[in-house]
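Work through the exercises below with the sequence and the structure at hand, and try each task before you read its solution.

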Amino acid sequence: MIVCSCKGIRDAQLEALKAERAEKGAIRLGDAVRALGIGTGCGRCLRHAHRLIGERCTEAPAEATMEPALWNAASADVARQTA
């Protein structure tokens, strides 16, 4: 299933990232943003990606309660850092 249509990122890629980083512990939304570029286009996929990470990965409590208003700010911040 496609998670991010701007970047063409699929749920299988989130699973692969989880497997790749299993030794380091939990994967967080920010890890997926930095590694895959998810959410750096229009940002509409961030909520869905976060839900998938929460369902499929161990999520840190602080990140799991991230306010929706912060999605675009977080995406813009990561986009500036990776540009």
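**Exercise 1.** In this predicted model, find which backbone nitrogen the side chain of aspartate 31 reaches, and then describe the surroundings of aspartate 31.

Solution. Begin with the side chain of aspartate 31, which comes to 2.9 Å from the backbone nitrogen of arginine 28. Next, place the residue: aspartate 31 belongs to helix α2, which covers residues 29-36 and in which Leu29, Gly30, Asp31, Ala32 and Val33 are buried. Aspartate 31 counts as buried because its relative accessibility is 17%, and the cut-off for buried is under 20%. Finally, leaving out residues up to four places away in sequence, aspartate 31 touches Leu17, Arg21 and Ala26.

**Exercise 2.** Determine how many salt bridges the structure holds, and explain how the partners are placed in the helix.

Solution. The structure holds one salt bridge, and it joins arginine 34 to aspartate 31, with 3.3 Å between the closest N and O atoms. That distance satisfies the cut-off, since a salt bridge needs the side-chain nitrogen within 4 Å of the carboxyl oxygen. Both residues lie in helix α2, three residues apart, which is about one turn of the helix. An α-helix has 3.6 residues a turn, so residues three or four places apart point the same way. As a last step, compare the accessibility of the partners: arginine 34 is partly exposed at 48%, whereas aspartate 31 is buried at 17%. If you follow the chain onward, you meet glycine 37 just after α2, with a positive phi of about 80 degrees.

**Exercise 3.** Decide how many disulfides a search of the whole structure finds, and justify the result for cysteine 42.

Solution. Recall that a disulfide is a covalent bond between the sulfur atoms of two cysteines. The search finds zero disulfides. For cysteine 42, the closest cysteine sulfur is that of cysteine 6, and because the two sulfurs are 3.8 Å apart, they are too far for a bond. Cysteine 45 is likewise in no disulfide, its nearest cysteine sulfur being that of cysteine 4, 3.6 Å away.

**Exercise 4.** Establish where cysteine 45 is placed and whether it is buried or exposed.

Solution. Cysteine 45 sits in the loop between α2 and α3 (46-56), and with 7% relative accessibility it counts as buried. Setting aside neighbours within four places in sequence, its contacts are Val3, Cys4, Ile38 and Gly39. To finish, consider isoleucine 2, which is 43 residues from cysteine 45 along the chain, while their C-alpha atoms are separated by 9.6 Å.

Methods
Residues are numbered from 1 along each chain as its sequence is written. This is a predicted model: local features need pLDDT of at least 70, side-chain atom pairs count only at pLDDT 80 or more; totals for chains, interfaces and linings use all residues. Side-chain values use heavy atoms; hydrogens and water are left out. Buried means under 20% relative accessible area, exposed over 50%, partly exposed in between (1.4 Å probe, protein chains only). Helices (H or I, at least four residues) and strands (E, at least two) are DSSP runs, numbered from the N terminus. Contact means heavy atoms within 4.5 Å. A polar contact is a pair of N or O atoms within 3.5 Å; within protein, one must be able to donate a hydrogen and the other to accept it, and residues adjacent in sequence count only if both atoms are side-chain atoms. A disulfide is a pair of cysteine sulfur atoms within 2.5 Å.
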